[in-house]
Amino acid sequence: MRSFLFSVRRDSPLAHLHVLTKLLLVLLLSVVIVRFIRTDNPDPLGATMLLALAVLLLALSGAMRWVFRSYLLVLFPALLGMALTWVIFNPDPGSGVLWRIPVYDGRIALGFSLRLGIFLVFAIVWYVVRKEVFWGLVGGLALAAIVTRLVGNPSITLARFDFFHPLAIIVSQRNLVVAVTKAIGYGAMIFVSLLLVMTSRDIEMTGAMRQLRIPYVAIFFLSTMLRSLSMALTDYTTIRQAQIARGVSLRKKNSLQLIADLAYIAVPLTATMLRRSNEVGDAVLLRGFSMQTRNPTEFHEVHPFGWVDGVVLGVCALFVILVLVFRLNFTQWAGVLL
Amino acid sequence: MHSKAQMQYGLKWNPNPPLTVPQLVAYALATGIYTILAWVGVIGLPVGVAGVSALFIAVGFGVPFAMWFGGWGLVMGFIGTAVGAGILTGLPIPVALAFGVGDVILYGSLLLMYRGLAPRFGVDPIGRDVFTPKGFIFFFIVAANLPHILGGIYGTWLLYTLGFVPPEAIPLTFSGFWLGNVIVVTVIAPILLRVLGPVVERFGLTNYGWLT
Amino acid sequence: MVRVEGFHWRYPSFGDLAENPWTLQGIDLEIERGEFFGITGPSGAGKTTTCKAIMGIIPHGLKIPYRAYNHHLKGSVWVDGELVTGLDADGQVVDGRPLGALLGKGIVAPKGGMVLQDPETQFLRMSLLHEIAFGLQLLGLPAQEIEERVRQALAMVGLGDLADEAAYIHPNDLSGGQKQRVAIAAFLAMRPELLVLDEPTSDLDPQGKSEVIETVRMLHERHNMTVVLVEQDPEILRRFCDRIALIDEGRVRMVERADDFYRRANLLSDCGIYRFEISEIAAGAGIRLGDDLPTRIEEALACFPLNLDASWQPQDVAPAGEVLLEVRDLRYVYEDGTQALHGVNFDLYRGEVLALLGANGSGKTTVAKILNGIYRPTGGTVRVLGQDISRRSVRSQLPRHVGYVFQNPDHQIFTRRVWDEVAYGLKNLQVPADELAERVQQALQAVGLSDKADEDPLFLGKGQRQRLAVASILAMRPEIIIVDEPTTGQDYQMVSGIMELLEELHAQGNTVLIITHDMTLVANYCQRVVVLLDGRDVFSGSPRELFSQPELVRTTRLCAPQAISLSLAMRERNETFPLLLNKAEWLHALKGGKYAL
């Protein structure tokens, strides 16, 4: 069956849970994960367990194919970026430093050096020829480092003053554990959230909102918005193809030009939306909906809370109490030395 | 509202009642568009700094939407960010919802400042004069900078509180938020304001206040 | 059942713009209970507006600036004896000035229902079950009754086999024809007495069209429902309607019984309405059936000469010259695993107009997007100008050589000025400024939009937007131009304009690949056709060869134009009768060769 923008097996375990149960599950487990990834007391084993559980449930729902197809390019760079951030910006020597790279000595020197010159020249030439910023910077840094290592770094200093404090990249056992735990925990949070997105249908959300007595006009707004997502995506895809047909991808473009191209997509997308909104508005009125509509008959929308929901929430609550109140750390409990 | 003189863009709650079904539907569809644009922006240009996207493309669309649709722009911003740039791109739900709140702060402050100050400075309250010198300067300060400082502070605080960003990375994270938004808004929003503003107005969908 | 008296309507304008002109300028209509009533007219005539007025959406669903009703409407609308819309011109006095007070019950639902043109936008929910149940939920009916009515409604429109799975069927799982039938079912479930259908088949292929109209006909016959059908297709209107109204420029110009309607040739011609091809041929050749023009094949058989000069037999010109496009065993699989193309083969020669035909879902648009470089072929070989497009470096440059005009012009308008719109593609090609200006001018001239250079494309008429889309591609000077369904949803005048444009492009030496459901266009303007069925090519040859094989036409879910159908009928009586493809060939034959082809 289709769920939002994807599809999932009808008989999957999560399909039987109430959507509010799934939402609470996500929120509670996210709170637990925040606890697991604390800098002062990381719990990589706990984070890994939750990640594995989320992946297993997604696999049982038949949604893993969709997860990797849709999110592969975004997930891994995000997790890698998270880990690198915590290595670079968390200079905790812990019990032993593995590697120390001074990056900044706490003073700014105004002047000119061979290293700076090589870096600037390379980056500018690369941009002019290839229209790329990132690889120009990386290449410039690398070339400057190599050349100055071989021939030294002659420079002229005009002035020097203190600014901020010295910075160094420290790689220690401690901050590696923290970085990996943060990445695993963040990944677990992502997969736990995808459990809700991948296994829920819009009609469940509508039913849940009715059970919560949210005004019907608000429910109507949200369900119309959700319905419009697939229309908007189809329109976006077609418009993007029309842009390609007009030669927008014939030459290489820099990031600003790509952003501007995206802005131009908004023109036909919004025009199409305006025309559609007239027709959708008419269709809605013709069915008899009005701003005074209060409480239409409930029809295959509301999913009752079952004993399974109670059990799941109970187990989850117990887990939360163990972690937050009793400060259970699975890594320490398992005797894994960090 | 009975006279043309009263049909001014401002900050009244409900200056042109009632809210009609076609308007509600149009705002729902606009929210869908914004959600898709937010999603595409993250998927299509993933430039990450300290675990978040430094170039949040959707804000370039959210600024004009807030300026045109008043309070509904805040709803679009919340849902579009939380769902489009958040949940649908793999951001954890609590983080996505919290970022959605951040965009409500951002677009809310934008709306208050732009519509509140525009008459005082003699610029158009929905940015139709954005390509004039005065209009652009006002836009650059009030729409492309100030609200994003507030949004950047909130977003950075959020990431720090949740433990996603170390203290040492706070200046970089904030700079990424703020400057990334400035670039995106400055490139995208004026195009939309100039090109689409008159169209949206002609279809009767611009809001004179918060609700209508 | 329906009575419209002197109804005037002006759409509200917003912002600082001047008032809109009156769209309806005094509509007077009476529709009997149980009648099947047709409405036709050119685009912009006010047909849809009239339907919305009957349903009460206009004005009750709109916001009128300053509630100045006197400024926007006059007259009245009655449905089933109840006032739907009326105006008290002296009511609502503000600052001593009467703005007018709106009277009437308002929107006619659930007594009346209206099916709109676009099957996608009126599908409001995300499952079939909830789509049909929506209106019933709003009526507050008990859940058990909703369940029964949903099943009945699905059965009534021939979708009863979907009832069990209805909760899991998403709109994307349904074809256009099915979605339109669902829209009808959604109203049928509410048990209306009046059903209005506003060009419900214009976005559908011939099979979908047939499904919808047969459903409506069956409902009318079995349930004595009053039906109002807005249509352009004379075949459909004549076959199903009791009476037909012609609306033009906001007024009712004529209301006649269906058979008599299409005999008023002059008026129909003046208003730019579709006529039967047989009538046009008869009018051109001075043939009459009594005092009237024939409209049906049976009538033409009675009055057209059976014996024509057999020495002239129209010939098809075999393709010759440079092959610009070679497609061999083309296969394509979408990301979700659906195989759209199972092996397509055809060639495209320089200077020809080739039609790509087939039912919706046969793979035509997929082929077009592969040729333009948007999709990468999964298998097979495609050579454009001798280059294999499986190479990314070739594919990325294809937009220079293969232009693609999309079906919906709104999807390809990126700027707010006609001039800028045509220049958009040229800027991407980095054409120098002086050459750019010249090319833009030439392209606008070719499509007849030179005087609209400073206009806002978003506010041009649909036919003009379509021409603008063609101009935008034309300016890029591609070797091959692909045009995707340019006549869908267009009226007779727009279609004629598009056809003339295509003819002009062909005369200028352009090579055109056209995807269309319009068989008259194919018969008049295309040298060759390729027919796709379920992702494979099943026919390649001339239109004459295709349409002279009724069984092939049937299995590929196409529909032969009247001209050649008449020829085939004549051939059954006289086997030497020439196989005449279109109006021009008929007139050439009827006038003894004195009509230029």
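Good morning, everyone; I would like to begin inside chain C, where the C-alpha centres of domain 1 and domain 2 of chain C lie 32 Å apart. Please keep in mind throughout that this is a predicted model. Domain 1 of chain C covers residues 112–238, and domain 2 of chain C covers residues 323–560. Where these two domains touch, domain 1 of chain C contributes nine residues and domain 2 of chain C contributes 11 residues. On the domain 1 side, the helix that gives the most is α6 of chain C, residues 206–223, with three residues. If we sort the residues on that side of domain 1 of chain C by class, we find one nonpolar, six polar and two charged.

Let me turn to the sheets of chain C, and to the five-stranded one to begin with. In what order do the strands of this open sheet follow one another? Reading across, the order is β2-β1-β4-β5-β8 of chain C, and the pairing is antiparallel. The strands at the edges are β2 (22–31) and β8 (101–103) of chain C, and because each has a single partner strand, one side of each is left without a neighbour in the sheet. On average, and ignoring direction, neighbouring strands of this sheet are turned by 15° against each other. As a general reminder, the strands of a sheet pair through backbone hydrogen bonds, either parallel or antiparallel.

Within this sheet, strand β1 of chain C, residues 2–10, pairs with strand β4 of chain C, residues 73–79, in the antiparallel sense and over six bridges. To find a spot on the structure where you can see this pairing, look for Val4(C), which stands opposite Val77(C) in β4(C). Helix α1(C) packs on the sheet, where it touches β1, β2, β4 and β5 (82–88) of chain C, and the direction of α1(C) makes about 120° with that of β1(C).

There is also an open sheet of six strands in chain C, with the order β9-β10-β11-β3-β12-β13, and here the pairing is mixed. Its edges are formed by β9 and β13 of chain C, each of which has a single partner strand, so one side of each is left without a neighbour in the sheet. At the β9 edge, four bridges join β9(C) to strand β10 of chain C, residues 194–198, and these two strands run parallel. There you can see Val115(C) standing opposite Leu197(C) in β10(C). Helix α5 of chain C, residues 176–188, lies across β9 and β10 of chain C and runs at about 170° to β9(C).

At the β13 edge, strand β12 of chain C, residues 243–248, and strand β13 of chain C, residues 251–257, run antiparallel and are joined by six bridges. One of the pairs to look for is Arg243(C), whose bridge partner in β13(C) is Arg257(C). The hairpin of β12(C) and β13(C) has two residues between the strands, and in this hairpin Glu249(C) takes a positive phi near 50°.

Now for two pairs of helices. The axes of α3(C) and α4(C) are 10 Å apart, and the two helices pack at an angle of about 125°, so α3(C) and α4(C) are oblique to each other. Which residues make the contact between α3(C) and α4(C)? From α3(C) they are Leu129(C), Ile132(C), Ala133(C), Leu136(C) and Gln137(C), and from α4(C) they are Ile146(C), Arg149(C), Val150(C), Ala153(C) and Leu154(C). By class, this contact has eight nonpolar, one polar and one charged residues.

In the second pair, helix α10 of chain C, residues 277–285, packs with helix α22 of chain C, residues 562–573, at an angle of about 80° and with the axes 8 Å apart, so α10(C) is roughly perpendicular to α22(C). Here Glu277(C), Ile278(C) and Ile281(C) in α10(C) meet Gln562(C), Ala563(C) and Leu566(C) in α22(C).

Let me finish with the interface between the chains, where 57 residues of chain C are in contact with 42 residues of chain A. On the chain C side, the elements that each supply at least two residues include α1(C), α4(C) and β9(C), which we have already met. The largest share of that side, eight residues, comes from α3(C). By class, the side of chain C that touches chain A has 30 nonpolar, 20 polar and seven charged residues.

How values were computed: Residues numbered from 1 in each chain as written. Chains lettered and ligands numbered in written order. Predicted model: local features only at pLDDT ≥ 70, side-chain atom pairs only at ≥ 80, totals over all residues. Contact = placed C-beta atoms within 7 Å. Nonpolar A, V, L, I, M, F, W, Y, C, P; charged D, E, K, R; others polar. Pairing = 2+ DSSP bridges. Axes fitted to C-alpha atoms, helices over the stretch in contact; angles between N-to-C directions. Domains from an automatic or database assignment. Parallel < 35°, antiparallel > 145°, perpendicular 65-115°, else oblique.
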